[in-house]
Amino acid sequence: VRVGMLGCGVVGSQVARLLLEDTAELSTRAGVKIELTRIAVRTIKDYPGLDPALFTTDPFSIVNDPDIDLIVEVMGGIEPARELALTAINNRKSIVTANKALLASHGADLFTAAYAKGEDIYYEASVAGAIPIIRPLRDSLAGDFVTRLMGIVNGTTNYILTKMHEDNREFADVLKEAQALGYAEADPTADIEGFDAAAKAAILSGLAFHTRVTIDDVYREGISKITLEDVAIAKSMDHVIKLLAIAELTPADEISVRVHPVMIDKNHPLASVRDSFNAVFVEAESAGPLMFYGRGAGGQPTASAILGDVVAVSRHIALNSIGQRETDYADRDIAPIETTKTKFLIRLEVEDKSGVLAAIAKVFADSGVSIQTVDQNGRNDDAELIIVTHRATEGELKATVEALKKMPIVTKISSVIRVEGAIA
């Protein structure tokens, strides 16, 4: 099986190195010799341990080469990755990719084209790096019914929130450290505003609920507004703030899929996932709760997932077969975010005088939101209220907040954060 690669960055260079170093072992596992033949890069330079003769700056020469059987796409981005992948598929080549953005935006087109040609698309590395999660959802749980999944799927945000929680450091300070350590890009928007996690949420929810889900279907909020005061309040409640990707079936058999900060009970397994590690927590009808944990990024961890796919697809090519196809038979609708139910913490500053609490409680009641707890603290001439609700819809909560903003006695709404408890 002859392999062509598109891209040779942090991940791609590790894939190439391991493919060459471990050719005999990987070939034995696949049952067929695996040979890396060409690598397309933007600029040819010295890649330690890799033969310069492998490289080309013309990626189309690889996807159009009739002697190449399998394309490993690690170049990232939407274009030209999409055009190259479709060209490769039309030329009867299978694809292994780590490109979450591509799959979350154009996965349906790629899958349709691949299955029409009888080719594989494998993408274990697109979500959570080295953690096996795609194959368990697609294959291992094919006989079960997933009802919900929650994941910490972005290492940058998890690192920042961990340091804020454990070291009492401000968001901006930890972000600078994450950038210096290489956990965050110079422009960290994709991570801290939840775009990266939203792409992964789309991929996971589509697999779990047998429906095509794109990144545009995912409700998204980032962590840039989380303050040390929010973190302190979470601690006082025995909770931890995490950026979670959440997908679940609603009572109307729709899919609620969203990415946002969550205060999660410290006894939940996801609360103990620290630093840049990732984890995905899956709830299924028969299997019950399952958690998949490990390194969610980095050259070697991601290369591990890619090579696992290369071995599997090479075996299929040798046997003239293909692996499990994606299933979208359920064709469920995406639930509007306004109908999604959860608990909320609302922190607001109000005038410190009699009758305020009763007036605030009436606004919640008028919007159909039941209050679970209220804490009141003095703050200069005002008071701070920390209200935790019972489960309510996003729409009901939004109406409550809008009504609170119009009240003269409310001087500031400091934060609104969703709350998750421990598992039953």
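Here is a walk through a few spots in this structure, from a strand in a sheet to rings, charges and one threonine. Keep in mind that the model is predicted.

Let's start with strand β13, which covers residues 341-351. Of its 11 residues, eight are buried, so the rest of the structure largely encloses this strand. Who are its partners? β13 pairs with strand β17 (residues 410-420) through eight bridges, and the two run antiparallel. If you want to find this pairing on screen, look for L348, which stands opposite I413 in β17. Strand β15 (residues 382-389) is also joined to β13, this time by seven bridges, again in the antiparallel sense. Here the residue to look for is R347, which faces I386 in β15. Then there is β16, a strand made of residues 392-393, which is antiparallel to β13 and linked to it by two bridges. In that pairing, K341 has T393 as its bridge partner. While you are looking at strands, here is a handy general point: in a regular strand, side chains alternate between the two faces of the sheet.

Now for the aromatic rings. The structure has five aromatic pairs. One of them is formed by F111 and Y123, with 5.7 Å between the ring centres and 45° between the planes, which makes the pair tilted. These two rings come from distant parts of the chain: F111 belongs to helix α5 (residues 100-117), while Y123 is in the loop between β6 (121-122) and α6 (134-140), 12 residues apart. Are these two residues buried or exposed? F111 has 10% relative accessibility, so it counts as buried, and Y123, at 3%, counts as buried too. They also have company, since F111, Y115 and Y123 make up one aromatic cluster.

Another pair to visit is Y159 with Y183. Their ring centres are 4.8 Å apart and their planes meet at 55°, so this pair is tilted. Y159 sits in helix α7 (residues 155-167) and Y183 in the loop between α8 (171-181) and α9 (189-192), so the pair ties together parts of the chain that are 24 residues apart in sequence. How well is each ring residue covered? Y159 is buried, with 5% relative accessibility, whereas Y183, at 37%, is partly exposed.

Rings can have charged neighbours as well. The charged end of R138 sits over the ring of Y122, 4.4 Å from the ring centre. You can find a similar arrangement at F195, where the charged end of R220 sits over the ring, 3.8 Å from its centre.

Our last stop is T211, in the loop between α10 (195-209) and β8 (219-220). Why call T211 buried? Its relative accessibility is 4%, and the cut-off for buried is under 20%. What does its side chain meet in there? A polar atom of the T211 side chain lies 3.0 Å from the backbone oxygen of F209. There is also a polar atom of that side chain 3.0 Å from the backbone nitrogen of R332. If you set aside the neighbours within four places in sequence, T211 is in contact with G206, I255, T327, D328, A330, D331 and R332. So R332 turns up twice around T211: in the list of contacts and, through its backbone nitrogen, beside a polar side-chain atom.

Definitions and conventions
Residues numbered from 1 in each chain as written. Predicted model: local features only at pLDDT ≥ 70, side-chain atom pairs only at ≥ 80, totals over all residues. Heavy atoms only, no water. Buried < 20%, exposed > 50% of the residue type's maximum accessible area, 1.4 Å probe, protein only. Helix = DSSP H or I, 4+ residues; strand = E, 2+ residues; numbered from the N terminus. Pairing = 2+ DSSP bridges. Phe/Tyr/Trp six-rings, centres within 6.5 Å; stacked < 30°, edge-to-face > 60°. Lys NZ or Arg CZ within 6 Å of the ring centre and 35° of its normal. Polar contact = N/O pair within 3.5 Å; in protein donor to acceptor, adjacent residues only side chain to side chain. Contact = heavy atoms within 4.5 Å.
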